[in-house]
Protein chains: 2
Amino acid sequence: MKPATLKDIAEHLGISVTTVSKALKDYPDVSKKTKALVKELAQTLNYKPNAFAVNLRMETSNTIGLIIPEIVHHFFSSVIKGIISQAEKKGYLVIILQSNESYELEKKQIDLLMSKRVDGILISLANGTADFKHLNDVIEQGKPLVMFDKIAKLVNCSKVIIDDRKAAYNATQHLIDTGCKRIAHFRGPLLPQNSIDRFLGYKKALEDNGMSYDPSLVYIFDNMTFEVGEMFAQKILREHPDVDGIFVNTDLVAIGAITEFNRNGVKIPEDISIVGFSNWFMSSAITPSLTTIDQPGFEMGKMAFKQLFKELKAKKKKKPIVPKIIELETSLVKRDSTK
Amino acid sequence: MKPATLKDIAEHLGISVTTVSKALKDYPDVSKKTKALVKELAQTLNYKPNAFAVNLRMETSNTIGLIIPEIVHHFFSSVIKGIISQAEKKGYLVIILQSNESYELEKKQIDLLMSKRVDGILISLANGTADFKHLNDVIEQGKPLVMFDKIAKLVNCSKVIIDDRKAAYNATQHLIDTGCKRIAHFRGPLLPQNSIDRFLGYKKALEDNGMSYDPSLVYIFDNMTFEVGEMFAQKILREHPDVDGIFVNTDLVAIGAITEFNRNGVKIPEDISIVGFSNWFMSSAITPSLTTIDQPGFEMGKMAFKQLFKELKAKKKKKPIVPKIIELETSLVKRDSTK
DNA sequence: TACAAAATCGAAAACGTTTTCGGTAAAATC
DNA sequence: GATTTTACCGAAAACGTTTTCGATTTTGTA
């Protein structure tokens, strides 16, 4: 009960494999009559081309690889959805790997994808990734590579990002505009570019408004969890009771902080104003609802695939790949956690 | 600059392709000396077997397909993570497709995966799936298939599930035990089995406790969103002000309801007690925190892949596949939304 | 030295497809 | 009726691997 092959159809019809193949692909040098016969038999035998053979012959599989630091995460799963939806439209399949924020794993996974000969790779870097050889290898081998969200500026490939610096600047400016005088920042790990950029935006906004930058008001977390938010909120109350505004690197941590402040009777936004980042849908549900930066995950995924697709097409036509930086718009969503 | 092949190595060393292939796989009929030479050259040429050729020859790709109704969802993304983590350990890659709760799309995607000749398929059904031909076709073709969470009882394949009926029964019983006299139920769509089972558990608990079942207290939603929760909460206040307990099919909707009740000054759990389902991590963060049923998503993903892996191994050894039902334990997590 | 046994190697087929290129038959042209 | 054109078809190579089976060489034994 093996699946039918071209050979089966050919023997059934007493013609050659070549003609069958061409008939199914509507080559002009096959008569209408033969085409009809072949197509009909293919239908009844439920013929499906053997993808393995096609891959080998065409040196392509219409499959791309996606490496992402963490799947269980609203922003990232939105990106995945964007990627898959777009890939499906263009007839591509997506193999997903999770780096778990580990550089070592990320490197292995790149190797794995290369050895599986995916047509291209989409990646959002692990926090710990500081060496980029594995990525440059991919590019050197002529395989299209597009980075998104957590990128490395030094790698010469296409990137889909937001202007983290500007967005963070706007978030901080909003705190200042609504009267905050002493603004803390809960930030992510030292390495990833967007964590750095958001911090720089925060700092710049302070400086542009003549407010002194105080390093002791910057709290650094390694993994963004709800609990970290609770913990940092406690720390703020203990160490800096004069703080009246916080710009938090990511909504989940901000919501942890809000919960902890609520628990301690701290009034938001009267006592402390908070701005998050990402516009996780839960941010509108929490009390008080969270003012935040809207970061378009689904759109980012779509764009990342679209760019990769362009490069895949360019490669097929033996045209050179020109890296492109795509910057998506963000916006400040004002809610009840700021005045 | 094409990647090296066995032929390249063979020519370099003046030996046959056969010997090179066998040397790399440590066949006993290749001398140690030759093996050493081959392996060294393979190393320096950075030889990687052409996966396409291996796939064709071995009729297997060490790749499985995963069809899931919705990716941006805490429970499902946890399942995905469980599947991928386990698959990676066994050297399998996972292609993910999203059915978007559409039966039509689900059918197409099954076809796509079959034509791509994945080694096996994992699936959680779309809500609308009532016809199972596409699934039975997969089984008939001898391709391992494992269903999880949203399953079809009538399809004869392995399944990884929880006892939705029992869990719902326990949830409802908890409401009764804490003094609720009139208990509503927010349930999911009519078709999927777990939606049915949770409803049946709710009903059975009422009956076992001598409480009459009132159909007007059952609210049905099509897509589980935060907003549905808000809407149903309003409805309850309008239509059934005497309700003092609600068992909600899923946490997200429950949290929507809690938010709406908070907004209207309804006290939880004093006026209305609420029990959710899933133990979404946000449930512990909301105020009041949500009593709910813990549903082990990551574990479910792991188990689903493990079962599929067993069947893949059985198939390789030409042994028959024996469908197995794996039931995971759930537990009631008591929090502040019930007395 | 002769012979059996063990060690080592390679030719060739197979997986199923795509595509080039040459060949034959039918139709069109003169 | 001879020749050119067009329509249609198929042989064969190629993609890179795995594996069977037979051949050759080396080693061991008497």
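Me: UniProt positions are given in the numbering used here, feature names are shortened, and annotations may be inferred rather than shown by experiment. With that settled, which feature does UniProt place at residues 4-58 of chain A?

Reply: The UniProt record, an unreviewed entry, places "domain: HTH lacI-type" there. Please note that this is a predicted model, in which local features need pLDDT of at least 70, side-chain atom pairs count only at pLDDT 80 or more, and totals for chains, interfaces and linings use all residues. Residues are numbered from 1 along each chain as its sequence is written, while chains are lettered from A and ligands numbered from 1 in the order in which they are written.

Me: How much helix and how much strand is there over residues 4-58 of chain A?

Reply: That stretch is 67% helix and 0% strand, and its end C-alpha atoms are 20 Å apart. Helices (H or I, at least four residues) and strands (E, at least two) are DSSP runs, numbered from the N terminus.

Me: Moving on to the DNA, which residues come nearest to strand D?

Reply: Ser16(A), Thr5(B), Leu6(B), Asn50(B) and Ala53(B) come nearest, out of 24 residues around DNA strand D. A residue is near a strand or molecule if its C-beta atom, placed from the backbone, lies within 6 Å of it. Chain A gives two or more residues from each of helix H2 (17-24) and helix H4 (51-58), and chain B does so from helix H1 (6-13), helix H2 (17-24) and helix H4 (51-58).

Me: Which element gives the largest share near strand D?

Reply: H4(B) does, with five residues. By class, the surface near DNA strand D holds ten nonpolar, nine polar and five charged residues. Here Ala, Val, Leu, Ile, Met, Phe, Trp, Tyr, Cys and Pro count as nonpolar, Asp, Glu, Lys and Arg as charged, and the others, Gly among them, as polar.

Me: And which residues are closest to DNA strand C?

Reply: Thr5(A), Leu6(A), Ala53(A), Ser16(B) and Asp29(B) are the closest of the 24 residues that surround DNA strand C. The elements giving two or more residues are helix H1 (6-13), H2 and H4 of chain A, together with H2 and H4 of chain B. H4(A) gives the most, with five residues.

Me: What turn and shift lay chain A on chain B?

Reply: A turn of 180° and a shift of 0.0 Å along the axis do so, with an RMSD of 0.1 Å. That is the relation of a two-fold axis. In chain A, the C-alpha nearest the axis belongs to Ile95(A), 2.3 Å from it. The superposition is by least squares on the C-alpha atoms of residues with pLDDT of at least 70 in both copies.

Me: How many residues does each chain bring to the contact?

Reply: Chain A brings 32 residues and chain B brings 32 residues. Two residues are in contact if their C-beta atoms, placed from the backbone, lie within 7 Å. On the side of chain A that touches chain B, H4, helix H5 (74-89), strand S2 (93-98) and helix H11 (251-263) each supply at least two residues. The residues of that side divide into 18 nonpolar, ten polar and four charged.

Me: Why do the copies meet through the same surface?

Reply: They do so because 100% of the interface residues of chain A are also interface residues in chain B.

Me: Which residues have the most contacts inside the largest nonpolar core?

Reply: They are Val94(A), Leu122(A), Val94(B) and Leu122(B), in a core of 176 residues. A nonpolar core is a set of buried Ala, Val, Leu, Ile, Met, Phe, Trp, Tyr and Cys residues joined through C-beta atoms within 7 Å. A second, separate core of six residues includes Ala51(A), Phe52(A), Ala51(B) and Phe52(B).

Me: Is Arg117(B) buried or exposed?

Reply: Arg117(B) is buried, because 21 other C-beta atoms lie within 10 Å. A residue is buried if 20 or more other C-beta atoms, placed from the backbone, lie within 10 Å of its own, exposed if 12 or fewer, and partly exposed in between. Arg117(B) is found in the loop between helix H6 (103-115) and strand S3 (120-123) of chain B. Its phi is near 55°, a positive value in a residue other than glycine.

Me: Finally, which residues does a cis peptide bond join, with omega about 5°?

Reply: That bond joins Ile268(A) and Pro269(A). Pro269(A) is found in the loop between H11 and strand S9 (273-275) of chain A. A cis peptide bond also joins Thr287(A) and Pro288(A), with omega about -5°.
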